[in-house]
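Colleague: I have a model open and would like to learn how to read it. Can you take me through it feature by feature?

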Amino acid sequence: MSRNLANQVRRHGKPVVVRRQLPTTPVTFATAVVKGLERAFGVAELAGAVVQGDHQVIVLTADLVAAGYPVPVEHNDIVVIEPVIVDGVWQRGTGRPLTIQDPGPRAGAGFWLHARG
């Protein structure tokens, strides 16, 4: 893993929530609050599967594992950007939920999430 990337996420990342509905009854979710680097795709990047309003969120595999999230991140998992976090806990209903279109794994280092919402 690129130490530079890990340092960038740890220094400049903001809290994001990664979430997956689990196949259980009653319905439960795996939820992790981790640091991530988030940005909207630019106009010049709108091609193929990327459309206006899509976002890229970079999260580290090690952070997801430490938070107990079942890696790998999967298509249709949710990433919440700009969540309200109180004492390390996501306040449900806050932030902007995006559906992951492409989890973009990067050799175990992390995930370059292509998300839409």
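Modeller: Start with helix H1. Its buried residues pack against E2, E3, H2 and E9. Keep in mind that this is a predicted model.

Colleague: Which residues of H1 are buried?

Modeller: Leu5, Ala6 and Val9 are the buried ones in H1. They lie on the same side of H1, because they cover an arc of only 100° around the axis.

Colleague: And which exposed residues does the face turned away from the buried side of H1 carry?

Modeller: That face carries Arg3, Arg11 and His12. Take Arg11, which sits in H1, residues 3–12. Its relative accessible area is 62%. The cut-off for exposed is over 50%, so Arg11 counts as exposed. For placement, use Gly36, 25 residues from Arg11 along the chain. The two C-alpha atoms are separated by 10.0 Å.

Colleague: Now the interior. How should I think about a nonpolar core?

Modeller: The general idea: in soluble globular proteins, nonpolar side chains tend to be buried together. Now the case here. The largest nonpolar core has 17 residues. Val59, Leu64, Val73, Val79 and Leu113 have the most contacts inside it.

Colleague: Which strands each supply at least two residues of this core?

Modeller: Strands E1 (14–22), E2 (28–40), E3 (55–60), E4 (78–81), E7 (96–102) and E9 (110–116) each do. Another core, of five residues, lies apart from it. Among its members are Leu5, Ala6, Val9 and Ile58. You have met Leu5, Ala6 and Val9 as the buried residues of H1.

Colleague: Back to the largest core. What does Val79 touch, not counting residues up to four places away in sequence?

Modeller: Val79 touches Val16, Val17, Val18 and Val57. Its list also includes Arg96, Pro97, Leu98 and Ile100. Leu113 and Ala115 are on it too.

Colleague: On to polar side chains. Is Asp63 buried or exposed?

Modeller: Asp63 is buried, at 18% relative accessible area. It lies in helix H2, residues 61–66. Its side chain makes a polar contact with the side chain of Arg10, at 3.1 Å. Leaving out residues up to four places away in sequence, Asp63 touches Val9, Arg10, Val34 and Lys35.

Colleague: Where is Thr61 found?

Modeller: Thr61 is found in helix H2 as well. At 13% relative accessibility it counts as buried. A polar atom of its side chain lies 3.2 Å from the backbone nitrogen of Gly110. Beyond neighbours within four places in sequence, Thr61 is in contact with Gly108, Ala109, Gly110 and Phe111.

Colleague: What about rings? How many aromatic pairs does the count come to?

Modeller: The count comes to zero aromatic pairs. Look at Phe29 for another ring feature. The charged end of Arg19 sits over its ring, 3.9 Å from the centre.

Colleague: How do I read backbone geometry?

Modeller: Know the background first. Most residues other than glycine have a negative phi, and most peptide bonds are trans. Then look for departures.

Colleague: Which peptide bond ending at Pro26 is cis?

Modeller: The bond from Thr25 to Pro26 is cis, with omega near 0°. Pro26 is in the loop between E1 and E2. The bond from Val71 to Pro72 is also cis, with omega near 10°. Pro72 belongs to the loop between H2 and E4.

Colleague: And positive phi? Where does Asn76 lie?

Modeller: Asn76 lies in the loop between H2 and E4. Its phi is near 80°, positive in a residue other than glycine. Asn76 is partly exposed, at 48% relative accessibility. Asp87 is not a glycine either, and has a positive phi of about 50°. Its loop runs between strand E5 (85–86) and strand E6 (89–90). Asp87 is exposed, at 79% relative accessibility.

Colleague: One last loop. Is Ala44 buried or exposed?

Modeller: Ala44 is exposed, at 83% relative accessibility. Its place is in the loop between E2 and E3. Compare positions with Val18. The two are 26 residues apart in sequence. In space they are 27 Å apart, C-alpha to C-alpha.

Note on methods. Residues numbered from 1 in each chain as written. Predicted model: local features only at pLDDT ≥ 70, side-chain atom pairs only at ≥ 80, totals over all residues. Heavy atoms only, no water. Core = buried A, V, L, I, M, F, W, Y, C linked by side-chain atoms within 4.5 Å. Buried < 20%, exposed > 50% of the residue type's maximum accessible area, 1.4 Å probe, protein only. Helix = DSSP H or I, 4+ residues; strand = E, 2+ residues; numbered from the N terminus. Contact = heavy atoms within 4.5 Å. Polar contact = N/O pair within 3.5 Å; in protein donor to acceptor, adjacent residues only side chain to side chain. Phe/Tyr/Trp six-rings, centres within 6.5 Å; stacked < 30°, edge-to-face > 60°. Lys NZ or Arg CZ within 6 Å of the ring centre and 35° of its normal. Arc of directions from axis to C-beta.
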